[in-house]
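Please walk me through this structure in a viewer, telling me what to select next and what is there to see.

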Amino acid sequence: MRPKSKKRAAPAVPARPAKKQKVTPGQPSKHGLAKTDRSKPKGKEKAFERDYIAIPGPTPDDNVHGDGLSEDNEALLDEFGDTVNFLAALDHQGIARSKKEIERLHRLHKPVRKSTVDDLPSVDVHDEDSESWGTDIEDSDLESEEQTPSPAELDSDAEMPYERIPRLHKVPEPETRRNIPGLPIKLSDGRIQASAKVTVAPAQIDDDEDTESAFRPHSPPAVPLTVEDVATGARFGRSAVVDVIGNGSRKARIQGAKDQIANLCQDIIADPENSLGLLRRLHTFSLETITTQSRSEPVKNDPAIRKLAILSQLAVFKDIIPGYRIRTLTDKEKAEKVSQMVARTREWEQGLVLVYQSYLRALEAELKVKSDLADVALKCMCTLATDVTHFNFRGNLMACIVARLSKKTWDESSDLCLNTLINIFRNDLTGVPSLEAVQLLNRMVKERHFNVHPDVLTCLLYLRLKSELGVRASDSRVDKEEKTEMNTKGKTAGRRNKGKSTERPYLSKRAKKAVKEKKVIEREVREAEAEVDKEERARTHTETLKLLFVLYFRILKNPHRTPLLPAALRGLSKYAHLVNIDFFQDLMQVLKNLIMRESDVIDSDGKESRSWHQNTDIQHRLLCIVTAFELLSGQGEALNIDLCDFVNHLYSIILPISELLQIDDLPSTTGSRTAQQPTIPDMLFRALTIVFSPRTAGSALPWRSAAFAKRLLIASLNWSPAVALRALDFVGSLVMKEPKLETLLSTDDRQVDGVYLPEVEDPQLSLSFGTCFFELLQLQQRHYDSRIRESARRLSSYTRT
């Protein structure tokens, strides 16, 4: 075994003295080492710790001459001569001094600043009347806050805080003087007289006043930084709106406004998402008065400039409005974190809606006060309602348009509003705008008690219900079709007893969740693709149809005849195939009552007034007859309803129609140039065509055809050539369909049963086969129109082949 080695003893540490002794620099201590030397670590001393760093001399490789100069230095001396003599006077010791030695010398020569003496009592002295100087801050906190001064603070060349403070200049105060009266004078007789002498002296300054208050830093007065408003101020390199509007010359004012409005419109259209401020500025030009911070009183705007601004905003909004409706963000959406692009888009959308709302409010205000710009404002609203129907505030635009149509009089603005509603109905793809417009019209007519112009309801004839509504009214019931016969036993009956649906198959919770998520995804896809849901559109059209029929039925059941009756009857005629079959009996009774009811207003004084009421009465009766036949020409064929009363009424009004002077003229109530109402001959031959159509029951009766043919030929003697030609063509069609009428074309004597009674109003009792068509001979020989003569000759010589 190896012998156990002894542990090596640690080197002896010299004992330190109990008290540190002061050692002067450069002298060794008792222990033989200076304090600085004792702190140095063993080994080679580093260069930055030395007090002086020797300047390196020439190396052996350099060719040094006896004068101590190398060849390079001699060449430099020869080149520059005496200009380098300053090198001989350099301080070699200062250059060789290290950074550590430089800092030590700075600290050594740094001046000692005396502490300022104040009149405050000592911290340790407390009087009974003085407040406590104590604090809740502990000494440890104060010590922790003490910091070692930085080298910049120790540097004597650094600027002290008092050196940075600007010099104090005495602020000159306004010179104030006071008048000092002179001393009184004692006269020789002992009386004292006040002296008239007054001495002017400067105002006295109290000694207690702080002298420092008279001194202020000599600095320029601070000018408040004012940022002008984007909408009115001088921003974006443009003059302020008030400066443009306030120009003295009207020509220069309008020209300046034109230039700035055109520039604004161009910039907005170029970058709409970053031009909300420009939109507000453009809207400012359309205001009646403009107020700014720079002027106390508002500046009135020029009407020409306002008109330009309103029309310019219309063009801008039509261009920058997106193709979707902007909705208000919910609180949850506002709180959630979104990307910067989404946040910027939301900010622009909400700002656009606010500016657009301000613009519409300004237009509505112009309409209410009926100012000079009311027509321009109405035109802008109609254009927006037609071109941006999908955007926000559609209901407000329609409300203003419908309110304009509520007047009894008719003018160009009424035509404009009516055309706007017609365009909305024609271009409606979803059915929602049409539903809103019908609701407004229904409410307006009800509030006005039917005292509106009859042409207002003509716009309802342009609804897309007839072509878009895919379902027809039920032929046998009002409600939906009943479900198939339900089972009374089994699992289906059990689900029905529990109140659950029996149509859908059973689905697990996971399957139901998947179906629900799929529906949500499909709905989002439809919204993104702007696809119109057919089921939703059908529901909307059904709701519109209900409101439409409610409006028409309310007009028909009104006890007094209203100007809206023709429009209601035309509407029922057009949408007759959509009327529920359960209403047919009541509708027929109402139409009979309207035909039998005489006009409420009969003026017996004046031929023109009697002729107008006669035309109106005949027009209403023809409309009722046409409506009744239209209702029964479609799904009403399944019902067994007798129409003899309507046929007799039609037969009875043919002769009164022949007495009308201007039968070809349009109805006098027509004020619109857009909706052309049918004339009385149009309605007459429309009713005759329906009565004698193959689908109408009883149309093939010979005596009915003969009676109507005879009465039409009698009336054609007084009608105009156009109406008489239509009558001859219709009689020819009856002769071709009914062979028995050929006997009436001959004027030869024949045996007949009875005598023709032309004054009887019933065609069955008129005995029409007891006469002949001798009117054809009169028309062929004596009519002034060659077309009528030729048509009568052709009809009288008709022979069946």
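## A tour by selection

Begin by selecting threonine 389, which, leaving aside its neighbours within four places in sequence, is in contact with Leu384, Arg394, Met398, Ile424 and Pro433. Keep in mind throughout that this is a predicted model. Threonine 389 has its place in the loop between H14 and helix H15, the latter covering residues 394-405. With a relative accessibility of 16%, threonine 389 counts as buried, because buried means under 20%. Now display the side chain of threonine 389 and look towards alanine 385, whose backbone oxygen that side chain reaches at 2.5 Å. A polar atom of the side chain of threonine 389 also lies 3.2 Å from the backbone oxygen of threonine 386.

Next, go to lysine 370, which lies in the loop between helix H13 (340-369) and helix H14 (374-387). Here the backbone deserves a look, since phi of lysine 370 is near 55°, a positive value in a residue other than glycine. Is lysine 370 buried or exposed? At 68% relative accessibility, lysine 370 counts as exposed, the cut-off for that word being over 50%.

Then select histidine 449, found in the loop that runs between helix H17 (432-447) and helix H18 (465-468). Although histidine 449 is not a glycine, its phi is positive, at about 55°. Histidine 449 is exposed, and its relative accessible area is 60%.

Move on to aspartate 302, in the loop between strand E8 (299-300) and helix H11 (303-320). Aspartate 302 is buried, with a relative accessible area of 9%. Which residues does aspartate 302 touch, not counting residues up to four places away in sequence? Show Arg250 and Arg253 alongside aspartate 302, as these are the residues it touches on that count.

Finish with helix H27, selecting residues 680-691 and marking the C-alpha atoms at the two ends, which are 17 Å apart. The expected span for the 12 residues of H27, at 1.5 Å a residue, is 16 Å, and so the two values agree. If you then colour H27 by accessibility, you will find it mostly covered, with nine of its 12 residues buried. The buried residues in H27 are Ile680, Pro681, Met683, Leu684, Phe685, Ala687, Leu688, Ile690 and Val691. As you turn the view along the axis, it helps to recall that an α-helix has 3.6 residues a turn, so residues three or four places apart point the same way.

Conventions
Residues numbered from 1 in each chain as written. Predicted model: local features only at pLDDT ≥ 70, side-chain atom pairs only at ≥ 80, totals over all residues. Heavy atoms only, no water. Helix = DSSP H or I, 4+ residues; strand = E, 2+ residues; numbered from the N terminus. Buried < 20%, exposed > 50% of the residue type's maximum accessible area, 1.4 Å probe, protein only. Contact = heavy atoms within 4.5 Å. Expected span 1.5 Å × (residues − 1). Polar contact = N/O pair within 3.5 Å; in protein donor to acceptor, adjacent residues only side chain to side chain.
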